[in-house]
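Colleague: Could you walk me through the ligand site in this one?

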Amino acid sequence: MKQRIEELLQEIQELKAQKLQDIEEYRIRLLGKKGAITKLFEDFREVLPEQKRELGQKLNTLKNLASSKLEELKEKVGESILQNGPKNDFTKPGDKFDLGTRHPISVTREEIISIFSKFGYAVAEGPEIEDDWHVFGALNFPPEHPARDMQDTFFISQSDNPVLLRTHTSSVQVRAMERMPLPIRIVCPGRVFRNEAISARAHCIFHQVEGLYIDKNVSFADLKQAVLLFAKEMFGEQTKIRMRPSYFPFTEPSAEVDVSCNICGGKGCNICKGTGWLEIMGCGMVDPNVLEASGIDHKVYSGFAFGMGVERIAMLKWQVKDLRLYFENDVRFLREFETVI
Ligand code: DAH
């Protein structure tokens, strides 16, 4: 053993290294689990008691020498890397990296919000996971209304007041009426969820912007004015609107809004299916029951509400015929909006 120790002492003193990898190899060879020095320590257990003292000291010296030699080599290699290592050329042009583009749905949502903020509307948001009261009950949906059906709504839990994914952003309208001081003038953008088969025209997740204005003496004429101004800002100054009577549980009277087709200018084309008109939103005067459900006196206050699909507005604006493209995030599609945006 003595001889082996001497050999190793000699060997360690002569070690040289060019790179850090060499030093790691030495470490494994000498001090690793199966290394030469580790092995000697194992053999040391068999050494006769009278030799233990001398050999033990020698072994310790050997181990210390190995550790300090490895440290010394590491420092030397480190210095030489700093001095002779690959030089950076700071005058070289940087690597090109691709900036993403904003998603057309985000752009459309922001545009809708910015138009209404010019008219004095604030932005309000609410939870995507809602209860039955805020999505249906407070909005005057009768208990057996088909929208409450499992076919349309994703339920999370069933109880007296089931938890569900909101099917429209009108729920934010209710939360605002419960909490905000009057008058209220808000737009509520957000994701909504419906249990629908995915197709070119429908998706189980999409985006809406809901609008609500409540004050004293708000009339249907105010609603018409707000919608007309919005349509002109969104689709161009020449845009006309028309309102068709409709039904929503939470508004009375209710209407659906069409804008004159921005492709053919109203003459009729395949986008507007020859009618010259494109449907963009639902709207109406807030039903007195809805005001009362949120604690607002319908004899003093009145208001209007409207709701639109962001995908639908984006499809009309850029003539995208398949809604699924907005969700696939194929960069070839998204890049087409680089110039538009
Ligand atoms: N919540 C309706 C929907 O999801 C959209 C809507 C229609 C909202 C009329 C309104 C409204 O505020 O007045 O289909």
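Modeller: Sure! Helices (H or I, at least four residues) and strands (E, at least two) are DSSP runs, numbered from the N terminus. This is a predicted model: local features need pLDDT of at least 70 and side-chain atom pairs 80 or more, while totals for chains, interfaces and linings use all residues. Residues are numbered from 1 along each chain, and side-chain values use heavy atoms, without hydrogens or water.

Colleague: Which elements each supply at least two residues of the shell around the ligand?

Modeller: Those are α7 (170–179), β6, β9 and β10. The ligand has 15 residues around it, each with a heavy atom within 4 Å. His168, Ser170, Arg194, Gln208 and Glu210 come nearest.

Colleague: What does the side chain of histidine 168 do there?

Modeller: One of its N or O atoms is 2.9 Å from a ligand nitrogen, a polar contact (N or O atoms within 3.5 Å). In glutamine 208, a side-chain N or O atom is 2.9 Å from an oxygen of the ligand. Phenylalanine 306 uses a backbone N or O atom, 3.4 Å from a ligand oxygen.

Colleague: How much of the ligand's accessible area does the protein cover?

Modeller: The protein covers 88% of the 350 Å² that the ligand has on its own (Shrake-Rupley, 1.4 Å probe).

Colleague: New topic: which strand gives the largest share of the lining of the largest pocket?

Modeller: β9, with 7 residues. The whole lining has 49 residues, and Arg194, Phe206, Glu279, Gly309 and Arg312 lie nearest the pocket's centre. A pocket is an open set of 1 Å grid points fitting a 1.4 Å probe, with protein on both sides within 12 Å along at least five of seven lines; lining residues have an atom within 4 Å of a point.

How values were computed:
Polar contact = N/O pair within 3.5 Å; in protein donor to acceptor, adjacent residues only side chain to side chain.
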